[in-house]
Amino acid sequence: MDAKVISTGTRYSSLPESYIRPESDRPRLSEVSTCDNVPVIDLGCPARASIIREIGHACASYGFFQVINHGVSKEMVERMFGVAREFFGLPVEEKMKLYSDDPSKTMRLSTSFNVNKEKVHNWRDYLRLHCYPLDKYVPEWPSNPPSFKEIASNYCKEVRELGYRLEELISESLNLEKDHIRNVLGEQGQHMAVNFYPACPEPELTYGLPAHTDPNTLTILLQDTQVAGLQVLKDGKWLAVNPIPDAYVINIGDQLQALSNGRYKSVWHRAVVNADRDRMSIPTFLCPADDALISPPKSLIEEGSKAVYRDFTYAEYYKKFWSQNLDQEHCLELFKNK
Ligand code: OGA
Ligand code: NI
């Protein structure tokens, strides 16, 4: 079905039919409680061993955590949010110049999730950019607002550094060499999305993004500081992860689940929408190189057993992921060893 961007600047008074979920698949917002024990990890803490321990615990039992004192300056974050908001405030005709629903495009404005595959649309527009290496991709980024390229490229550099640091800590939390994960992943790709969820007339009937896990390695998510919307699945229940000031939410993705032989969980999460206010989020996705072979180290495989998942390249995984829709079988299941 043909979907169009919804960030038009005009409020919708009712939810268009193509966004309404069947009754069995609605967010049931009144049943969602706040996750009040989200692991918050202070990366500025001098006791590295304790950071590693906390990260290991968070990855194994939650699949996500928040970080503070992460090294990305507050000013940088504010500038990034500012220019992202400015972008979505542009006239629709201007934004539509960048529109595409082809997931293989390295720069595009799109809407919902995968409009050509899905039955029901999601209340989200998004700008998606490839970000590494910067000099290859920045020329194709939006030139309106004029400061977009400069602000977003500085932002990308800082977030990449944070990603590397987290990969080291996660490697060590699995009793691996500090650079193990980075070595397996090769020259890592980096993508950024700017998600814009306009105020929605009927948040009970739809999603910004329905339940999914992220197909990449690690997601570094900048949440709107004013409007909540991220929810994670913990022990079968949906919990709201409300924003805390100056923090990033870190999600373990499918590749780390495979690489850790299932010890660390690629967390199920979703975004719900708000009746009164627009919400923005800016995730950075770190991804293995296309030809990286995703394979767990021997030390994480029990003696005499097989790895949980067969080895695969990231290129193979990514292709499979985008050929599916979010309501189909989980992509990682298709790679399970029998
Ligand atoms: C995503 C995502 C959550 C959010 O873009 O993959 O999960 O809060 N976003 O917008
Ligand atoms: Ni996600």
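These are legends for five close-up views of a predicted model.

**View 1. The open sheet and its two edges.**
Eight strands make up this open sheet, and reading across it you get β2-β3-β11-β8-β13-β6-β5-β4, with mixed pairing. The edge places go to β2 (40-42) and β4 (107-111); each has a single partner strand, so one side of each is left without a neighbour in the sheet. On average, neighbouring strands here are turned by 25° against each other, direction ignored.

**View 2. Strands β3 and β11 side by side.**
Here we zoom in on one pair from the sheet. β3 covers residues 64-68 and β11 covers residues 248-252, and the two pair in the antiparallel sense over four bridges. Look for phenylalanine 64: its opposite number in β11 is asparagine 251.

**View 3. Two helices lying across the strands.**
Helix α1 (residues 48-61) lies across β2, β3 and β11. Relative to β2, helix α1 runs at about 160°. Helix α5 (residues 148-173) also has β11 among the strands it lies across, along with β6 (189-197), β8 (218-223) and β13 (279-287). Its angle to β8 is about 130°.

**View 4. The shell around ligand 1.**
Which residues are around ligand 1? They are Ala193, Asn195, Leu209, Asp214, Gln223, Gly229, Leu230, His269, Ala271, Ser281 and Pro283. The elements giving two or more residues to this shell are β6, β12 (269-271) and β13. Sort the shell residues by character and you get five nonpolar, five polar and one charged.

**View 5. Two loop residues, serine 73 and proline 145.**
Serine 73 is in the loop that sits between β3 and α2 (74-88). Is serine 73 buried, exposed or partly exposed? It counts as partly exposed, because it has 13 C-beta neighbours inside 10 Å, and the buried class starts at 20 while the exposed class stops at 12. Tyrosine 155 is 82 residues away from serine 73 in sequence, yet their C-alpha atoms are 9.3 Å apart in space.

Proline 145 belongs to another loop, the one between α4 (134-137) and α5. With 16 other C-beta atoms within 10 Å, proline 145 is partly exposed too. Leaving aside residues up to four places away in sequence, proline 145 touches Val83, Glu86 and Phe87. Alanine 84 is 61 residues from proline 145 along the chain, and the distance between them is 8.9 Å, C-alpha to C-alpha.

Conventions:
Residues numbered from 1 in each chain as written. Chains lettered and ligands numbered in written order. Predicted model: local features only at pLDDT ≥ 70, side-chain atom pairs only at ≥ 80, totals over all residues. Pairing = 2+ DSSP bridges. Axes fitted to C-alpha atoms, helices over the stretch in contact; angles between N-to-C directions. Contact = placed C-beta atoms within 7 Å. Near = placed C-beta within 6 Å. Nonpolar A, V, L, I, M, F, W, Y, C, P; charged D, E, K, R; others polar.
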